[in-house]
Amino acid sequence: MASLIACPHCGPRPKEEFTVKGDAAIARPAADAGEDAWYAYVYLRDNPRGRHKEYWHHTSGCRRWLVVERDTVTHVVYAVLDASAQGETA
Amino acid sequence: MVDFALFHRSALAGAKTGSFGAASTGSRIALTALSEGHVLHVLAAHGSGALRGLVAQIGDGGPYAVRAYGPGQWFVVGDAALSAADLSGKAALLASRASIADQSHGRVRIGIGGASVEAVLAKGTAVDLDQANFAIGHSAMTLIGHISALITRTGVESFELMVLRGFAESLWDDLVQMSLEFGVEAKTAD
Ligand SMILES: [Zn+2]
């Protein structure tokens with residue numbers, strides 16, 4: 001089940017301790033990329049079936065941003081990394 | 001410097017005290033409001049490396065003065081109130097490798113102990129509190145019910161909880177409720 005997320009800093013914690021911020025695979029466009037690229041970045045999201053990477057914030061724990069790779073069908077969690085560990089944030 | 005004197009009122013001054021729940025189970029819980037001395041939130045500067053030893057230097061030397069919170073974050077706590085001069089002295093010790101946010105006014109410590117203390121806290125948090133996993137001196141930030149709290153083990157059968165001041169009385173009431181089956185002694189005055 002996806003109800004336990006293994007935070008790399010805190011260990012397994014219930015999903016209630018986290019805030020989910022959605023798709024971690026989309027890339028921020030260049031500042032001058034144009035309206036369509038920015039519209040897509042800000043508003044357009046897929047609703048994937050299967051393996052999916054998402055940003056999760058450990059709001060009630062270490063307060064780190066994490067990238068959780070999980071399956072939206074089976075709820076299997078494949079990996080949980082600190083977002084900075086894979087160069088997603090500074 | 002302040003322009004007028006601030007009157008410090010204990011966050012748990014009005015919390016309920018006395019004996020509640022089961023009369024004598026042999027594993028009664030003791031709930032104690034702890035001194036509102038100082039609580040310092042220490043945040044590491046980016047790329048400042050391992051700081052644990054440095055952070056320990058701004059503590060008062062007590063065994064649980066430094067409590068790890070997350071990567072590069074600690075709470076340093078103690079029973080003594082700190083002056084502005086004390087604080088800038090501690091900030092100087094950190095030499096720009098970490099900064100201090102004074103949370104003495106913002107977070108409150110509650111002591112909880114007794115033979116059944118793990119069973120009581122397990123009603124509120126999913127953290128595994130077994131001593132094999134949660135040794136004396138270990139800390140974990142988690143939810144107790146819907147309230148965020150830092151749990152620190154201070155003994156085989158004793159823990160300290162640190163909670164945002166505005167939630168202290170609410171958590172206190174929850175802890176009394178969670179302890180009823182074992183019986184609980186709730187004490188706010190020193
Ligand atoms: Zn965490």
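In this predicted model, chains A and B bury about 840 Å² between them, with 58% of that on carbon and sulfur atoms. On the A side, the biggest losers of area to chain B are Arg13(A), Ser60(A) and Cys62(A), which together make up 42% of what that side buries. If you count residues instead of area, eleven from chain A are in contact with twelve from chain B. Sorted by class, the chain A side that touches chain B has five charged, three polar and three nonpolar residues.

What does the salt-bridge rule find across the interface of chain A and chain B? Zero salt bridges, as it turns out. Polar contacts do show up there: the count between the two chains is four residue pairs, both members at pLDDT 80 or more.

**Chain A as a whole**

Chain A has one helix and six strands, and along the sequence they come in the order β-β-β-α-β-β-β. Its C-alpha atoms fill a box of roughly 40 × 30 × 20 Å along the principal axes. There are 90 residues in chain A, and 32% of them count as buried. The chain exposes about 5600 Å², with carbon and sulfur atoms supplying 51% of that area. As for how the chain folds back on itself, take the contacts with a separation of 6 or more: 43% of these are between residues 24 or more positions apart.

**Salt bridges**

A search of the whole structure turns up twelve salt bridges over all chains. Here are three of them, with the closest N to O distance and the relative accessibility of each partner.

| Salt bridge | N to O distance | Accessibility, Arg or Lys | Accessibility, Glu |
|---|---|---|---|
| Arg13(A) and Glu17(A) | 2.9 Å | Arg13(A), 2% | Glu17(A), 1% |
| Lys15(A) and Glu16(A) | 2.9 Å | Lys15(A), 40% | Glu16(A), 52% |
| Arg67(B) and Glu160(B) | 2.9 Å | Arg67(B), 2% | Glu160(B), 12% |

Start with Arg13(A), already met as one of the residues that lose the most area to chain B. Arg13(A) counts as buried because its relative accessibility is 2%, under the 20% cut-off. Its partner in the salt bridge is Glu17(A), and Glu17(A) is buried as well, at 1%.

The pair Lys15(A) and Glu16(A) also forms a salt bridge. Lys15(A) is partly exposed, at 40%, while Glu16(A) counts as exposed because its 52% relative accessibility is over the 50% cut-off.

Over in chain B, the side chains of Arg67(B) and Glu160(B) meet in a salt bridge. Why does this pair tie together parts that are 93 residues apart in sequence? Because Arg67(B) lies in strand β4 (residues 66-70) and Glu160(B) in strand β10 (residues 158-164) of chain B. Arg67(B) is buried, and so is Glu160(B). The pair also belongs to a network: salt bridges with shared partners join Arg67(B), Asp79(B), Arg109(B) and Glu160(B).

**Backbone oddities in the loops**

Two residues of chain A are worth a look for their backbone angles. Arg63(A) has phi near 65 degrees, a positive value in a residue that isn't glycine. Arg63(A) sits in the loop between β4 (51-57) and β5 (65-71) of chain A, and counts as partly exposed because its relative accessibility is 41%, between the 20% and 50% cut-offs.

The other one is His75(A), not a glycine either, with a positive phi of about 70 degrees. You'll find His75(A) in the loop between β5 and β6 (77-82) of chain A. With a relative accessible area of 30%, His75(A) is partly exposed.

**A glycine in β3**

Where is Gly22(A) found? In strand β3 of chain A, which covers residues 19-23. Gly22(A) counts as partly exposed, at 22% relative accessibility. Leaving out residues up to four places away in sequence, Gly22(A) touches Lys53(A), Glu54(A) and Tyr55(A). For a sense of distance, Gly22(A) and Ala37(A) are 15 residues apart in sequence, and their C-alpha atoms are 18 Å apart in space.

Definitions and conventions. Residues are numbered from 1 along each chain as its sequence is written. Chains are lettered from A and ligands numbered from 1 in the order in which they are written. Side-chain values use heavy atoms; hydrogens and water are left out. Contact means heavy atoms within 4.5 Å. Buried area is the accessible area (1.4 Å probe) that two parts lose on being put together, summed over both. A salt bridge is a side-chain nitrogen of Lys or Arg within 4 Å of a carboxyl oxygen of Asp or Glu. A polar contact is a pair of N or O atoms within 3.5 Å; within protein, one must be able to donate a hydrogen and the other to accept it, and residues adjacent in sequence count only if both atoms are side-chain atoms. Ala, Val, Leu, Ile, Met, Phe, Trp, Tyr, Cys and Pro count as nonpolar, Asp, Glu, Lys and Arg as charged, and the others, Gly among them, as polar. Helices (H or I, at least four residues) and strands (E, at least two) are DSSP runs, numbered from the N terminus. Buried means under 20% relative accessible area, exposed over 50%, partly exposed in between (1.4 Å probe, protein chains only). Accessible areas come from the Shrake-Rupley method with a 1.4 Å probe; for residues, only the protein chains shown count as cover.
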